[in-house]
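Biologist: I am new to this structure and would be glad of a close look at a single part of it, followed outward as far as seems useful. Please take your time over the answer.

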Amino acid sequence: MALLHLTSSSSRSNLLKPISAALSYSPSLRRSISSSAADDSRTFTIETSLPFTAHQCNPPSRSVDTNPKELLTFFRDMATMRRMEIAADSLYKAKLIRGFCHLYDGQEAVAVGMEASITKKDSIITAYRDHCTFLGRGGTLLEIFSELMGRQAGCSKGKGGSMHFYKKEAGFYGGHGIVGAQVPLGCGLAFAQKYSKDGTVSFALYGDGAANQGQLFEALNISALWDLPVILVCENNHYGMGTAEWRAAKSPSYYKRGDYVPGLKVDGMDVLAVKQACKFAKEHALKNGPIILEMDTYRYHGHSMSDPGSTYRTRDEISGVRQERDPVERVRKLVLSHDLATEKELKDLEKEIRKQVDEAIAQAKESPMPEPSELFSNVYAKGLGVEAFGPDRKELRAVLP
Amino acid sequence: MLGTLRQKILGQSLQRTRSAASALRSYSSAAKEMMVRDALNSALDEEMSADPKVFLMGEEVGEYQGAYKISKGLLEKYGPERVLDTPITEAGFTGIGVGAAYYGLRPIVEFMTFNFSMQAIDHIINSAAKSNYMSSGQISVPIVFRGPNGAAAGVGAQHSQCYAAWYAACPGLKVLCPYSSEDARGLLKAAIRDPDPVVFLENELLYGESFPVSAEVLDSSFCLPIGKAKIEREGKDVTITAFSKMVGYALKAAEILAKEGISAEVINLRSIRPLDRSTINASVRKTNRLITVEEGFPQHGVGAEICTSVIEESFGYLDAPVERIAGADVPMPYAANLERMAVPQVEDIVRAAKRACYRSVPLAAAA
């Protein structure tokens with residue numbers, strides 16, 4: 001049985017590496033800090049919880065430079081993402097969100113750490129678990145909740161839904177429903193960046209389920225041949241829907257699967273490790289072509305809102321990860337131990353976030369559903385005045401502008 | 001300007017007399033001959049020259065000069081950054097092409113034949129066709145997928161399918177099918193300039209055929225409108241619609257019918273999606289009879305759509321049931337005699353036209 005295997009194999013213990021190792025820091029930095037910590041321009045160095053494991057390259061240092069402002073931003077951004085996904089859960093149960101809803105809570109460190117190391121001129125493309133990635137790219141809570149509820153204020157004006165968020169001006173190319181398709185697309189973005197001599201890179205995110213897709217290897221082969229500045233990021237949350245990684249992949253060492261392409265295994269629950277890895281990967285990709293990052297992460301929810309997430313893994317495993325490796329808690333502990341804020345300040349911040357989320361939801365609920373004429377808009381960028389038809393074409397037809 | 005106008009009229013009237021006297025290929029100095037292959041090559045060359053964002057990728061398009069020599073000379077002229085030889089991995093390279101289009105480049109992805117596009121069809125439909133809609137206009141996809149489509153000669157079942165009906169069913173795609181060199185130049189240039197994903201279905205057997213081209217057609221600014229069919233031959237008794245290679249067959253059938261007193265109007269569809277319903281319907285309202293011709297499989301084919309469109313809009317004008325001529329409902333056989341039976345021949349089109357005109361036609365013996 002799958003669950004028995006989990007308790008006995010090393011895979012379970014791998015998921016529960018404690019975060020206590022993250023709390024080492026230089027004692028000279030201890031001093032009392034007021035709420036102007038955000039203006040504090042000190043930098044200090046923190047060790048990642050785990051060393052990086054490298055394939056065909058030399059790993060970056062475990063010592064990550066950061067500063068108070070950054071750490072507080074990490075906390076705020078991840079707490080917002082956490083709160084947002086939990087609120088989406090409630091909205092789905094209230095039937096205000098329909099269809100698919102794939103939640104990211106547990107994986108926030110990947111989205112936030114990545115943003116810390118890149119610019120909006122770099123590109124990100126991901127699959128359907130995209131709400132937090134979109135937020136990280138500069139999307140607003142209003143755009144997110146409106147899109148989830150199919151309203152005009154949504155980032156895709158209500159026409160896309162949960163899996164199809166985009167923000168092209170901020171380098172976010174979706175939001176894709178077909179498992180694995182986003183990887184060649186991401187390599188294509190990198191091709192265009194190189195062709196245009198932009199000096200930027202593309203991050204193509206995919207899961208452990210998608211890691212076995214043939215098109216991934218096709219695109220990786222071409223990317224390596226053509227030296228494209230693409231970083232493939234496997235968000236390994238250890239389950240492809242209900243199938244554990246050891247049941248789907250003969251080799252679940254996803255960072256090694258690129259063979260001739262270098263790879264790095266990263267603790268995806270440690271936002272500083274993610275930041276360091278992405279910084280390293282960007283430099284590598286611009287000079288040497290593709291690289292794979294495997295983020296060891298975890299999702300608390302099931303695959304989607306239709307999946308309780310407990311038939312193929314134990315509740316102990318889920319609560320164990322929450323206890324030992326939660327990415328938001330890790331940063332909270334860092335902020336507190338470095339005296340960047342008090343417990344009360346952080347709690348107040350979380351209350352403020354909750355309020356912001358609730359306000360965004362209320363505003364999103366006010367946003368109207370799309371006009372009926374939107375059924376026929378944006379089929380083409382240039383419709384050529386052609387006719388399009390509804391189910392009864394004698395009743396419903398439109399001219400595409 | 002008047003000169004070009006006169007040239008255009010002269011060119012058009014020459015084309016009509018040309019169709020009538022099909023054997024005669026020599027003309028006045030106004031018309032020049034061009035092979036379809038060269039027409040496509042010149043269109044690619046001119047568009048790549050005009051817009052640095054346009055690039056070509058596919059198997060053997062570069063050093064091999066193109067599997068069918070359509071991209072001959074382009075690697076030498078534009079270099080390996082703009083003419084890219086890919087490995088034999090359609091899903092991967094098509095996805096890369098679509099991703100480049102997302103970013104704002106204008107890729108031309110060549111499939112060695114459209115049979116291989118099935119390996120990449122998810123990217124054509126789900127990544128390209130639907131993106132502008134799903135993103136509410138944020139992500140437009142200015143890409144062209146081109147290559148030979150349909151039956152060649154003796155290449156067997158896996159290399160002979162026509163994909164016009166499949167791709168034309170999909171909202172978000174535009175589907176073009178050139179016949180002549182003028183079509184090839186004008187439609188390919190239009191496709192490359194268009195901001196939406198275009199499936200451009202060529203025909204291997206037409207690559208080596210020559211057609212007259214006017215000076216206007218040869219001009220680098222020449223472009224044909226997408227969504228407009230062309231009346232290749234005017235007539236008054238029966239309408240025959242066709243695309244790609246079948247246009248030539250329909251014109252030959254019209255010649256034969258003319259000798260028997262039936263005046264056939266031949267419509268070269270040029271654009272399968274959008275389909276020029278108004279030209280088709282206007283023609284049927286004039287002739288009252290319709291034959292649709294295509295090479296692909298009959299069920300759910302292009303002819304089925306045209307027939308329904310005419311029934312919806314011009315039912316009262318029909319004097320006879322709509323006839324459709326299509327490829328046989330079998331995978332393409334290899335043996336030459338069976339292959340000949342599996343694709344429409346000129347006599348099939350003639351026979352169907354006569355049936356629509358209620359001329360007695362000897363019944364075939366029951367199989």
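Are A:Tyr195 and B:Phe55 buried or exposed?

Modeller: Both residues, A:Tyr195 and B:Phe55, are buried, and I should say at the outset that we are looking at a predicted model. To place them among their kind, the structure holds 17 aromatic pairs over all chains. A:Tyr195 and B:Phe55 form one of these pairs, a tilted one, with 5.4 Å from centre to centre and 45 degrees between the planes. This pair crosses between chains, since A:Tyr195 belongs to helix α7 (residues 182–195) of chain A, while B:Phe55 belongs to strand β2 (residues 54–58) of chain B.

A second tilted pair can be set beside it, this one within chain B: the rings of B:Tyr68 and B:Tyr207 have centres 5.7 Å apart and planes at 45 degrees, so they too are classed as tilted. B:Tyr68 lies in the loop between β2 and α3 (74–78) of chain B, and B:Tyr207 in the loop between β7 (198–202) and β8 (210–213) of that chain, so the pair ties together parts that are 139 residues apart in sequence. B:Tyr207 counts as buried because its relative accessibility is 1%, where buried means under 20%. Elsewhere in chain B, ring pairs link B:Phe93, B:Phe111, B:Phe114, B:Phe145, B:Tyr163, B:Trp166 and B:Tyr167 into a cluster.

From the pair that crosses between chains it is natural to turn to the interface itself. The contact takes 50 residues from chain A and 51 residues from chain B, and the area buried between the two chains is about 4,100 Å², with carbon and sulfur atoms giving 62% of it. A:Tyr195 comes up again here, for together with A:Tyr166 and A:Tyr380 it supplies 17% of the area that chain A buries against chain B, more than any other three residues. Across this interface the rule finds one salt bridge; the side chains of B:Glu312 and A:Arg393 meet in a salt bridge, at 3.2 Å from N to O. The rule also finds 23 residue pairs in polar contact across the interface of chain A and chain B, both residues being at pLDDT 80 or more. On the side of chain A that touches chain B, β4 (123–125), α7, α8 and β11 (386–389) each supply at least two residues, and α7(A), the helix that holds A:Tyr195, gives the most, with nine residues.

Rings also meet charges in this model. The charged end of A:Lys159 sits over the ring of B:Tyr133, 4.2 Å from its centre, and the charged end of A:Arg313 sits over the ring of A:Tyr239, 5.7 Å from its centre.

Helix α8 of chain A, named above among the elements that touch chain B, offers another residue to follow. A:Leu220 lies in this helix, which covers residues 214–225, and A:Leu220 is buried because its relative accessible area is 1%, where the limit is under 20%. Leaving aside neighbours within four places in sequence, A:Leu220 is in contact with A:Leu232, A:Gly258, A:Tyr260, A:Val261, A:Pro290 and A:Ile292. The C-alpha atoms of A:Leu220 and A:Gly289, which are 69 residues apart along the chain, are separated by 10.0 Å.

Some details of the backbone complete the view of chain A. In the loop between α6 (141–148) and α7 of chain A we find A:Gly175, and the peptide bond that leads to A:Gly175 from A:Gly174 is cis, with omega near 25 degrees. Further along, A:Asn378 is in the loop between α13 and β11 of chain A; although A:Asn378 is not a glycine, its phi is positive, at about 65 degrees, and with a relative accessible area of 23% this residue is partly exposed.

As for the partner, chain B has 14 helices and 14 strands, and buried residues make up 60% of its 367 residues. Among contacts in chain B between residues at least 6 apart in sequence, 80% join residues at least 24 apart. Chain B has a cis peptide bond as well, from B:Arg273 to B:Pro274, with omega near 0 degrees, and B:Pro274 has its place in the loop between β12 (271–273) and α11 (277–287).

Technical notes: Residues are numbered from 1 along each chain as its sequence is written. Chains are lettered from A and ligands numbered from 1 in the order in which they are written. This is a predicted model: local features need pLDDT of at least 70, side-chain atom pairs count only at pLDDT 80 or more; totals for chains, interfaces and linings use all residues. Side-chain values use heavy atoms; hydrogens and water are left out. Helices (H or I, at least four residues) and strands (E, at least two) are DSSP runs, numbered from the N terminus. Buried means under 20% relative accessible area, exposed over 50%, partly exposed in between (1.4 Å probe, protein chains only). Contact means heavy atoms within 4.5 Å. Rings of Phe, Tyr and Trp (its six-membered ring) pair if their centres lie within 6.5 Å; planes under 30 degrees apart count as stacked, over 60 as edge-to-face and the rest as tilted. A charge sits over a ring if NZ of Lys or CZ of Arg is within 6 Å of the ring centre and within 35 degrees of the ring normal. Buried area is the accessible area (1.4 Å probe) that two parts lose on being put together, summed over both. A salt bridge is a side-chain nitrogen of Lys or Arg within 4 Å of a carboxyl oxygen of Asp or Glu. A polar contact is a pair of N or O atoms within 3.5 Å; within protein, one must be able to donate a hydrogen and the other to accept it, and residues adjacent in sequence count only if both atoms are side-chain atoms.
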